[in-house]
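Good morning, everyone. Please take a moment to look at the structure on the screen before we discuss how its parts are arranged.

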Amino acid sequence: MLLVDVWREAGRHASLEETVERIAHRLADEMPLQALLIRRLDAERLRLETVAAGAPGAAPPGRTRTELSKSNFHALVSWAHAGEVLRGAPQGLAGVLAAGEARGEVLAGPLLDGEQVIGALVAVGPAFRPAHEDLFAQVLEPVSSALRSDIQLHELTRLREAAEADNRALLSRLGRQEIADAIVGADGGLRAVVDRVAQVAGTDAPVLLLGETGTGKEVIAREIHRQSARARGPVVRVNCGAIPPGLIDSELFGHERGSFTGAVADRAGWFERADGGTLFLDEIGELPLEAQVRLLRVLQDGSFERVGGRTTHTVDVRIVTATHRDLHTMVQAGTFREDLWYRISVFPIRLPPLRERPADIPVLAAHFAWRAGQRLGGHPLAPTAADQERLIAYSWPGNVRELAAVIERAVILGNGHQLEIAAALGPAAASVAAPTENRPGAAEAAPRGEEFPTLNAAMARHIEAALHKVNGRIEGPFGAAALLGLNPHTLRARMRKLGIHWSRFRPA
């Protein structure tokens, strides 16, 4: 009758926590049971984790994680493949399996998925007899089935989150103000940023992205995730500044049904949704102090409780944070916790504003014009040399995001057939963005107070303008060499000398 009851509970498709709680109460009728634990084996990370616990007549033990040495791991696998129930004092392998929960004796049995060891079922009590071993052995197969189902459910959830994250990334590629398919400027003004991404991506170290609004912090966060070992997991973005203060805990950590008005069902928070992947906390400087305290605990040990819940959840998440604010000044002012700052700024990366990398503006403009022209006019567009000069002269307080908006506005103003850059920039930029060839006397002298350009600088600018006009083509009747009246080999030699690469001028 015990086996039938246990199989019934294992097949109810309830949560693993509820299943173990019910099985524990049923086993307590047959043996002196204080607690029943399911400990899942993570063979890749060499750890045992308590994923469900039941305690008849008492609060269940918390979820604990045990890091295994290689010798302990091999001993556990050998014991599991032998298929024997272990009974004894909480020492040696029994102590590792019980994770310090036992005060009397331990009964432990392996949980298998075919030949694969997926965990162990552990019973804790004052004392057990050989007859209890036989009863305990009977429940191992149904509990193995319940754990297999739970693992598959979590894997499906992880894959769904990853698919949703990929879907959001694909949508952002068609969005109006983001670069999501490539890091434009990786060979230019963002070279140092890309190098630092390559350094840190392979680790699990927290990364802090610093930069003004619109510099592309989310693009870099996604690139860190893409180059990491977590690339197959989800990457979840949370805008900390957009969450109302009263909902921060619920959004980050989730809530249980009935925990507050409107909580009509259990809800996983962003940390649970990012389990096995990367959580990108944008605008981390906007979090209130109370939320910073709770966030620090999660970053320290990976554990938290949902709002209204009593069960401790554990997640494995890589944290990437970003802000446009000066966190060091906020720490000194007492508006940002110093310990949290130390925790998230293990590897800071500064993203330079667009005005500090003017060489990237033509490439970015060509990228956005190509994409916006295809979407809005049915064919790609490219900025002219005069357009590029206007764009370079502008200060771009909104950085790359503003540049993307200006290009799209220019396509709309040009009815999808041409770029109206001057009109898109507006009157505020007209005085500083007028193209040189339209200024009377521009060839006679440099503007007052500015250094006269060298011959190499003027030559580089002229070659770049030609390459822009022909979309990076060098040879042929419509290439830059023909436009400049040069032999293609001569043009290539001058480009190498001046550090100009044709690929910068090809549409993305």
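At what angle do helix α19 and helix α21 pack, and how far apart are their axes? Please keep in mind that this is a predicted model. Helix α19, residues 455-469, and helix α21, residues 488-498, pack at an angle of about 120 degrees, and their axes are 11 Å apart. An angle over 115 degrees but not over 145 counts as oblique, so α19 is oblique to α21. Their crossing is left-handed.

Which residues make this contact? From α19 they are N456, M459, A460, I463 and L467; from α21 they are L491, R494, M495 and L498. By type, 7 of the contact residues are nonpolar, 1 is polar and 1 is charged.

Let us now turn to the sheet. In general, the strands of a sheet pair through backbone hydrogen bonds, either parallel or antiparallel. Here we have an open sheet of 6 strands, paired antiparallel, in the order β3-β2-β1-β6-β5-β4. Strands β3 (65-67) and β4 (86-88) are at the edges, and each has a single partner strand, so one side of each lacks a neighbour in the sheet. From one strand to the next, the twist averages 20 degrees.

At the β4 edge, 3 bridges join β4 to the antiparallel strand β5, residues 105-113. Within this pair, L86 stands opposite A108 of β5.

Finally, which helices pack on the sheet? Helix α2, residues 16-27, touches β1 and β2, and its direction makes about 65 degrees with that of β2. Helix α5, residues 130-138, touches β1, β4, β5 and β6; the direction of α5 makes about 25 degrees with that of β5.

Technical notes: Residues are numbered from 1 along each chain as its sequence is written. This is a predicted model: local features need pLDDT of at least 70, side-chain atom pairs count only at pLDDT 80 or more; totals for chains, interfaces and linings use all residues. Side-chain values use heavy atoms; hydrogens and water are left out. Two strands pair if DSSP finds at least two bridges between them. Helices (H or I, at least four residues) and strands (E, at least two) are DSSP runs, numbered from the N terminus. Axes are lines fitted to C-alpha atoms, for helices over the stretch in contact, and angles run from 0 to 180 degrees between N-to-C directions. Contact means heavy atoms within 4.5 Å. Angles under 35 degrees count as roughly parallel, over 145 as roughly antiparallel, 65 to 115 as roughly perpendicular and the rest as oblique. A crossing is left-handed if the near helix is turned anticlockwise from the far one by less than a right angle, and right-handed if clockwise. Ala, Val, Leu, Ile, Met, Phe, Trp, Tyr, Cys and Pro count as nonpolar, Asp, Glu, Lys and Arg as charged, and the others, Gly among them, as polar.
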